[in-house]
Each structure stands twice: as structure tokens, then as C-alpha cells.
Amino acid sequence: MRKRVSVFVLRPRPGLVAVVLCLALLLGLRGGLAKGRLQQALAPSLFGVSLVIDAGHGGADPGMVGGAVLEKDVNLAAARCFAEYCRAAGAAVTLTREDDAALSDSKRADLEQRVAITEKAQADVFISLHCNSFVADPGQHGAQVFYAADNEEGRRLAETMQRALSEELGNTERTALPHADSYLLKNIDCPAVIVEMGFLSNTAEEEELASPDYQWELGWALFCGLSDYLTGS
Ligand SMILES: [Zn+2]
């Protein structure tokens, strides 16, 4: 049975909320973000949420390779930005990896480890970050979110996150889709998605994905999507 995100009973503590708001405002200003959107998204809805952020690949497994950019590096950088916003809003965040290392020598065991970390964290939400590549058509671009067809909450999470990515980044018209075959999505029971943040096979998008400014924008857009999902907006 799929796990649903519970409704959290909040006991607002003005001092703590003020600290969180200040920190988040600082983070938002760093990314050049609209103050209104920032404050709207900073409802303390992430208090009590256990979130697992999975930076895809790592170590000997680079994932997709652009001209000079490795997917594993973009995934980790964006995961750190995303995690920072979520922690500022009160979530308990677990990163499946904190540095450039695979979780095991074999691909299968690596993926099993990511599932085990998610179970141990008793995750309410699992979000795996990746980059796409399609060298046959270098014009392909834009972030896209995938979910398991039999995970209804995963579908709602994916659609909400896709909408936030479209609104915040303004550069993707893609829609959320069920993933045909993902070990992670098949084996993780909580609401779970894979976010393909863009195409390394597109020269302009590759340059953006490798840019720290854009990685902060990605982190913010992902945070907005998660916040919208948890608040049902
Ligand atoms: Zn990948």
C-alpha cells in the first residue's frame, strides 16, 4: 500500500519561524527570487517532513555526459541547493550521497542502497535528480518529471512539481509522464519522482545546468513544487 503524506499538526513558534524566514529570504535573494513567491512558499509546511533527495549516479558512474559536463556533478550541485531551501523551511532532509561517490561497486547494489536509505529515513517524499541527453536531436530541452504509473501520490507530486518547474524556470513546456522502467520508482513506496532537470545534449542548456546560478534556480523551483504538493496548492 502506498504511503500518504500525513497532515502535520503545527504549533507555530514565532522566534523559530522568524529565523526560518530570514534564512530563506537570504537564500532567495542569493538566487534573485521574487520576494512574494518566496514568502508564499515558506509556509511552515515542511516541518516534520522527511525528504530524501537522491543525486543520481556518482563516482565511476558519471551518468550522461555533455560536452564537458558530467551529469553526476550537476545532480549533486542541484541536490545541495534544493536541500538547503528545504532545510530552511524545516524539513528533515537526507541526501543519498553527499559527495562524488557511488554507493556501491555495482549499479544494482548502488540502486538498492538508495532504496535502503529511503526506507531508513522513513521518507514522506523521495525525489531523484538527473539530467537527460538525446544526441540525435540536440534541440530537445527542458525539465521533465516522471513517476511510477501505480503510484497515485507520485503522479500528483510529479504533476505539481512539473507545474512549478514550468512557472519558476519558464523554459519547459514538458508534461509529467509515467516512467516505463525505473528500479527506484518501482521499489520506493512513498510519493516518488525522478526529475530530469534538462538536456546535456543541448549546448545552451548544458551551459545553464553547469552554472551555479541556474543550480540555485533549480533548487528553488524544486522547493516550490514540493511545497505546493505538501500544501495541496
Ligand atoms: Zn541519470
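In this predicted model, residues 24 or more positions apart account for 80% of the contacts in the chain with a separation of 6 or more. The secondary structure comprises eight helices and six strands, and along the sequence these elements follow the pattern α-α-β-α-β-α-β-β-α-β-α-β-α-α. Of the 233 residues in the chain, 50% count as buried.

The nonpolar interior was examined next. The largest nonpolar core has 49 residues, and those with the most contacts inside it are Phe82, Ile127, Leu129 and Leu226. Two or more residues of this core are given by each of E1, H3, strand E2 (92-95), E3, strand E4 (144-147), helix H5 (152-169), E6 and helix H8 (212-231), and the largest share, eleven residues, comes from H8. The surroundings of one core residue can be followed in detail: when neighbours within four places in sequence are left aside, Ile127 is in contact with Leu51, Val52, Ile53, Asp54, Phe82, Met161, Val193, Val195 and Leu226. Apart from the largest core lies another core, of 13 residues, among them Val52, Phe146, Ala148 and Ile194.

Val52 also enters into a comparison of positions along the chain and in space, since the C-alpha atoms of Asp124 and Val52, although 72 residues apart along the chain, are separated by 8.1 Å. Asp124 itself is placed in the loop between H4 and E3. With a relative accessible area of 10%, Asp124 is classed as buried, because this value falls under the 20% limit.

The zinc ion has three protein donors, namely His57 through NE2, Glu71 through OE and His130 through ND1, lying 2.1 Å from the ion. Along the chain, these donors follow the spacing H-x13-E-x58-H. Within this set, His57 and Glu71 form a pair that links distant parts of the chain, with His57 in the loop between strand E1 (50-55) and helix H3 (71-88), and Glu71, 14 residues apart from it, in helix H3. Both His57 and Glu71 are buried.

Two of the zinc donors reappear in the description of the largest pocket. The space in this pocket comes to about 320 Å³. Its lining is made up of 20 residues, of which His57, His130, His179, Ile194 and Glu196 are the closest to the centre of the pocket. The elements that give two or more residues to the lining are helix H4 (107-120), strand E3 (125-132), helix H6 (183-187) and strand E6 (192-199), and the largest share, four residues, is that of H4. By residue type, the lining divides into seven nonpolar, six polar and seven charged residues.

Glu196, listed among the residues closest to the pocket centre, is also one of the residues touched by Asn132. Asn132 lies in strand E3. When residues up to four places away in sequence are not counted, Asn132 touches Met64, Glu196, Gly198, Phe199, Leu200 and Ser201. The relative accessible area of Asn132 is 18%, and this residue is therefore counted as buried, the limit being under 20%.

Note on methods:
Residues numbered from 1 in each chain as written. Predicted model: local features only at pLDDT ≥ 70, side-chain atom pairs only at ≥ 80, totals over all residues. Heavy atoms only, no water. 1 Å grid on protein atoms, 1.4 Å probe; cavity = no way out; pocket = protein on both sides within 12 Å on 5 of 7 lines; lining within 4 Å. Points joined across faces, edges and corners; volume = space filled by probe spheres on them. Nonpolar A, V, L, I, M, F, W, Y, C, P; charged D, E, K, R; others polar. Donors = N, O, S within 2.8 Å, 3.2 Å for Na, K, Ca; no water. Buried < 20%, exposed > 50% of the residue type's maximum accessible area, 1.4 Å probe, protein only. Contact = heavy atoms within 4.5 Å. Core = buried A, V, L, I, M, F, W, Y, C linked by side-chain atoms within 4.5 Å.
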